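Ready for some practice in reading a protein model? Take a moment to look over the sequence and the structure before you start.

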Amino acid sequence: MKLLKERILKDGKVIGEDILKVDSFLNHQVDVKLLNEMGKEFAMRFKDTKVDKILTIEASGIGIACIVAQYFDVPVVFAKKHKGLNMDNSVYETEVFSFTKNTTYNVRVAKDFITPNEKILIIDDFLANGKAIEGLMDIINQGKAETVGIGIVIEKAFQNARVDIENTGVRLESLAIIEGFKDGKVYLK
Ligand code: G4P
């Protein structure tokens, strides 16, 4: 997606070896107009896919997931990292390992919000090592629903999550794909 790629090149900041900071338009301050264009793009790419619900993970996935959901006219569910007081034990839960943070955490979705045979589109901001997406797909499987697609805003291709996802047969669409970073510069596909 041209608009997003231009924005990454203009405002993205490379941190260390493998992190792209996009705090000025996606992860902290949010450019809603840009998100809206992304929503349109996802709607176009998944126009032939029947979608009943969108699933994402807190926190940064929620904004873009809500915008995309408007185009499909479906609800958004976000997996929670913290078990709030208002969450009982009727949840689907899975463990996710974060390479970026070198920690393991659990995510959960109330059983009420995943129905058998429901067609679910996963939306998230980043695809790095793919463990978060794997966790969401596991939750969808536990609920006997179906992952009908995965939409990612920024995929870091050099972290190789795509192969495992494609091996599951689920369609993966990324709006911007990063080949790598060199000397603080971003190289896009
Ligand atoms: P994964 O999501 O592909 O499994 O990779 P990983 O666990 O390593 O990512 C951990 C967190 O860091 C995720 O956010 C992910 O979205 C984010 N992340 C990964 N690579 C980058 C990057 O290059 N730039 C930025 N800005 N974020 C990256 P999270 O822990 O779920 O946090 P949040 O959604 O609350 O922000």
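Here are three exercises on a predicted model, each with a worked solution.

**Exercise 1.** Find where Ala 128 lies, and decide whether Ala 128 is buried or exposed.

*Solution.* Start with the record: an unreviewed UniProt entry places a "binding site" at Ala 128, Asn 129, Gly 130, Lys 131 and Ala 132. Next, locate Ala 128 along the chain: the loop between strand S7 (119-127) and helix H5 (131-142) holds this residue. Now apply the cut-off: buried means under 20% relative accessible area. Ala 128 has 17% relative accessibility, so it counts as buried. Finally, look for its contacts beyond four places away in sequence: these are Lys 156, Gln 159 and Ala 161.

**Exercise 2.** Do the same for Ala 132: which element holds it, and is it buried or exposed?

*Solution.* Ala 132 sits in helix H5. Its relative accessible area is 19%, so Ala 132 is buried. Setting aside neighbours within four places in sequence, Ala 132 touches Ile 57, Val 96 and Tyr 105.

**Exercise 3.** Work out how many cavities of 30 Å³ or more there are, and what lines the largest cavity.

*Solution.* First, count: the search of the whole structure gives one cavity of 30 Å³ or more. Its volume is about 40 Å³. Then list the lining: Asn 129, Gly 130, Ile 133, Glu 134, Ala 161, Asp 164 and Ile 165. Helices H5 and H6 (162-167) are the elements that each give two or more residues to this lining. Sort the lining by class, and you get three nonpolar, two polar and two charged residues. Last, link back to the UniProt "binding site": of its residues, Asn 129 and Gly 130 are included in the cavity lining.

Definitions and conventions:
Residues numbered from 1 in each chain as written. Predicted model: local features only at pLDDT ≥ 70, side-chain atom pairs only at ≥ 80, totals over all residues. Heavy atoms only, no water. UniProt positions renumbered as here; feature names shortened; annotations may be inferred. 1 Å grid on protein atoms, 1.4 Å probe; cavity = no way out; pocket = protein on both sides within 12 Å on 5 of 7 lines; lining within 4 Å. Buried < 20%, exposed > 50% of the residue type's maximum accessible area, 1.4 Å probe, protein only. Contact = heavy atoms within 4.5 Å. Helix = DSSP H or I, 4+ residues; strand = E, 2+ residues; numbered from the N terminus. Points joined across faces, edges and corners; volume = space filled by probe spheres on them. Nonpolar A, V, L, I, M, F, W, Y, C, P; charged D, E, K, R; others polar.
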